[in-house]
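Reader: I am in my first year and would like a close look at a single part of this structure, taken slowly. Please choose one place where charged side chains meet, and then walk me outward from there to the rest of the chain.

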Amino acid sequence: MEEQGFAVEFDEIDPIARHIVLFEDGAPAGTCRVYWNSSKNSHVIGRVAVRKEFRGRSFGGQLLQEAEQLVRSLQGKTLCLAAQVRVKAFYEKYGYTEAGEHFLDEGCPHVWMYKTL
């Protein structure tokens with residue numbers, strides 16, 4: 001959050017989301033959250049983050065796979081996420097498709113992406 005210049009760390013979604021934390025040798029390496037969004041009629045993955053010292057080791061992909069497995073266990077059929085435009089290719093690699101216009105979230109360009117499970 002601080003590394004990328006975001007100001008809002010916690011929000012009203014945190015209490016209703018399921019949080020996934022990936023550990024490496026007992027240290028937290030990455031995290032994301034998953035929650036149901038009725039207006040999108042989909043589960044949403046958010047706040048995907050891997051600590052700098054753990055990047056380049058496929059932990060981001062592991063977080064996505066864990067989130068997808070969680071949504072499948074909840075009988076979910078779709079997932080969406082608001083990807084930072086600069087890293088949308090990462091999500092495309094895991095089967096997410098861009099849909100809609102780019103928008104700013106705390107001044108950072110984002111785009112909604114979707115995947116059918």
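Author: In this predicted model, Lys88 and Glu92 both belong to helix α2, which covers residues 88-93, and because they are 4 residues apart there, about one helical turn separates them. Their side chains form a salt bridge in which the closest N and O atoms are 3.9 Å apart, a distance that still counts because the cut-off for such a pair is 4 Å. Neither end of this bridge is buried: Lys88 has a relative accessible area of 22% and is partly exposed, while Glu92, at 39%, is partly exposed as well. The pair does not stand alone, since salt bridges that share partners join Lys88, Glu92 and Glu98 into one network. Side chains of opposite charge can pair when their charged atoms come close.

Glu98 is a useful residue to follow, for it leads from the helix to the strands. Strand β5 consists of residues 97-98 and pairs with β7 in the antiparallel sense over 2 bridges, and within β7 the bridge partner of Glu98 is Met113. A residue of the charged network therefore also has a place in the ladder between two strands, given that strands count as paired when there are at least two bridges between them.

From here β7 becomes the element to watch. Strand β4, made of residues 78-84, pairs with β7, residues 108-116, in the antiparallel sense over 7 bridges, and in this pairing Leu79 stands opposite Lys115. Strand β6, residues 103-105, likewise pairs with β7 in the antiparallel sense, here over 3 bridges, with Leu104 facing its bridge partner Pro109. β6 and β7 form a hairpin with 2 residues between them, and Glu106 in that turn has a positive phi of about 50°.

Lys115, which was met a moment ago opposite Leu79, brings us back to the charged side chains. Glu68 forms a salt bridge with Lys115, and the closest N and O atoms of the two are 3.1 Å apart. This pair links distant parts of the chain, as Glu68 sits in helix α1 and Lys115 in strand β7, 47 residues apart. What is the surface exposure of Glu68 and Lys115, buried or exposed? Both of them are buried, whereas Lys88 is partly exposed and so is Glu92.

A further pair makes another link along the sequence. The side chains of Glu24 and Arg57 meet in a salt bridge with an N to O distance of 3.1 Å. Glu24 lies in strand β1, residues 18-24, and Arg57 in the loop between β3 (42-50) and α1 (59-73), so the pair ties together parts that are 33 residues apart in sequence. Glu24 is partly exposed at 24% relative accessible area, and Arg57 is partly exposed at 39%. In total, the count comes to 6 salt bridges, among them the pairs Lys88 with Glu92, Glu68 with Lys115 and Glu24 with Arg57.

Having followed these charged contacts, one may also ask about bonds between cysteines. How many disulfides does the structure hold? There are 0. Why does Cys80 form no bond with Cys32, its closest cysteine by sulfur position? The two sulfurs are 13 Å apart, which is too far for a bond, and Cys80 itself is buried with a relative accessible area of 0%. For Cys108 the closest cysteine sulfur is that of Cys80, at 17 Å, again too far for a bond; Cys108 counts as buried too, at 16% relative accessibility.

Finally, these details can be set within the whole chain. The chain has 2 helices and 7 strands, and from the N terminus on its elements run β-β-β-α-β-α-β-β-β. With a radius of gyration of 14 Å, close to the 13 Å that the globule rule gives for 117 residues, the chain is as compact as a globular protein of that length. The C-alpha atoms fill a box of roughly 35 × 35 × 30 Å along the principal axes, and 37% of the residues are buried. Of the contacts between residues at least 6 apart in sequence, 51% join residues at least 24 apart, and the salt bridge of Glu68 in helix α1 with Lys115 in strand β7 spans 47 residues.

Conventions
Residues are numbered from 1 along each chain as its sequence is written. This is a predicted model: local features need pLDDT of at least 70, side-chain atom pairs count only at pLDDT 80 or more; totals for chains, interfaces and linings use all residues. Side-chain values use heavy atoms; hydrogens and water are left out. A disulfide is a pair of cysteine sulfur atoms within 2.5 Å. Buried means under 20% relative accessible area, exposed over 50%, partly exposed in between (1.4 Å probe, protein chains only). The radius of gyration is taken over C-alpha atoms; the globule rule is 2.2 Å times the number of residues to the power 0.38. Contact means heavy atoms within 4.5 Å.
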